[in-house]
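Trainee: Could you walk me through this one before I set anything up with it? I'd like to begin with the nonpolar core.

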Amino acid sequence: MTAASSERTIVSWHAHVYFDPASTRPQADRVRGGIAERFVVQLGRWHEVPIGPHTQAMYQVAFDVEVFAGLVPWLALHREGLSVLVHPNTLAPRADHLIHAIWLGPSLPLRADMLPESIEATEESPVVPNTRGGSRADNARPHDGHGPRQKPA
Ligand code: ZN
């Protein structure tokens, strides 16, 4: 192979929505509900204590590449003051979290020692959507589960 593989392939994205269990759980809950009713994503469970590289309570939103253009702008406007880490998954967890990340709101420290430099494709969890999304009337067409959802112009 002579072609340089400098262009990484983005397998999927995560958004981690951070909250303080003592004070900003209601905000996090509203953001979560807003995501669930609008987007086809995999909503992870609530982590009330820091886990892995994350130093504050949070929940994870895993989503396919096609969802980015709808979800991330929505989060920018509706994150309710919470910090949100948006990062690509390119099989390079350390760089994905520390270098390629997009922060909405103030950034938080991450534990680099918990982030492997690289993983195998088989170790990357596929996105398994568990929200219906698009329940609003303007997007009520049934979704066949394949390919990007077409939005009316
Ligand atoms: Zn993540």
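Mentor: This is a predicted model, and its largest nonpolar core has 25 residues, of which Ala15, Val17, Val41 and Phe63 touch the most other members.

Trainee: Which elements give two or more residues to this core?

Mentor: Strands E1 (12-18), E3 (58-63) and E4 (84-89) each do so, and they are joined in this by helices H1 (25-38) and H2 (68-78).

Trainee: And which one gives the most?

Mentor: That is E3, which contributes 5 residues to the core.

Trainee: Back to valine 17, what is it in contact with, leaving aside neighbours within four places in sequence?

Mentor: Under that condition valine 17 is in contact with Ala28, Val31, Met58, Tyr59, Val61, Leu82 and Val84. Val17 itself is among the core residues that touch the most other members.

Trainee: Let me step back to the overall layout. In what order do the elements run from the N terminus?

Mentor: The order is β-α-β-β-α-β-α-β, made up of 3 helices and 5 strands.

Trainee: What share of the contacts links residues 24 or more positions apart?

Mentor: Counting contacts in the protein with a separation of 6 or more, 66% are between residues 24 or more positions apart. As for burial, 24% of the 153 residues count as buried.

Trainee: New topic, backbone angles. Where does glutamate 80 lie, and what is its phi?

Mentor: Glutamate 80 is in the loop between H2 and E4, and its phi is near 55°, a positive value in a residue other than glycine.

Trainee: Why does glutamate 80 count as partly exposed?

Mentor: Glutamate 80 is placed in that class because it has 17 C-beta neighbours inside 10 Å, whereas a buried residue would need 20 or more.

Trainee: What about leucine 91, where is that found?

Mentor: Leucine 91 sits in the loop between E4 and helix H3 (93-98); its phi is near 70°, again a positive value in a residue other than glycine. Leucine 91 has 18 other C-beta atoms within 10 Å, so it is partly exposed.

Trainee: Last thing, what is the mean pLDDT, and where is the pLDDT below 50?

Mentor: The mean pLDDT of the protein is 89, with 84% of its residues reaching 70 or more. Over residues 136-145, however, the pLDDT is below 50, and beyond near neighbours in sequence this stretch has 4 contacts in the model. Where pLDDT is low, the predicted coordinates should not be read in detail.

Notes: Residues are numbered from 1 along each chain as its sequence is written. This is a predicted model: local features need pLDDT of at least 70, side-chain atom pairs count only at pLDDT 80 or more; totals for chains, interfaces and linings use all residues. pLDDT is the predictor's confidence in each residue, from 0 to 100. Two residues are in contact if their C-beta atoms, placed from the backbone, lie within 7 Å. Helices (H or I, at least four residues) and strands (E, at least two) are DSSP runs, numbered from the N terminus. A residue is buried if 20 or more other C-beta atoms lie within 10 Å of its own, exposed if 12 or fewer, and partly exposed in between; C-beta atoms are placed from the backbone. A nonpolar core is a set of buried Ala, Val, Leu, Ile, Met, Phe, Trp, Tyr and Cys residues joined through C-beta atoms within 7 Å.
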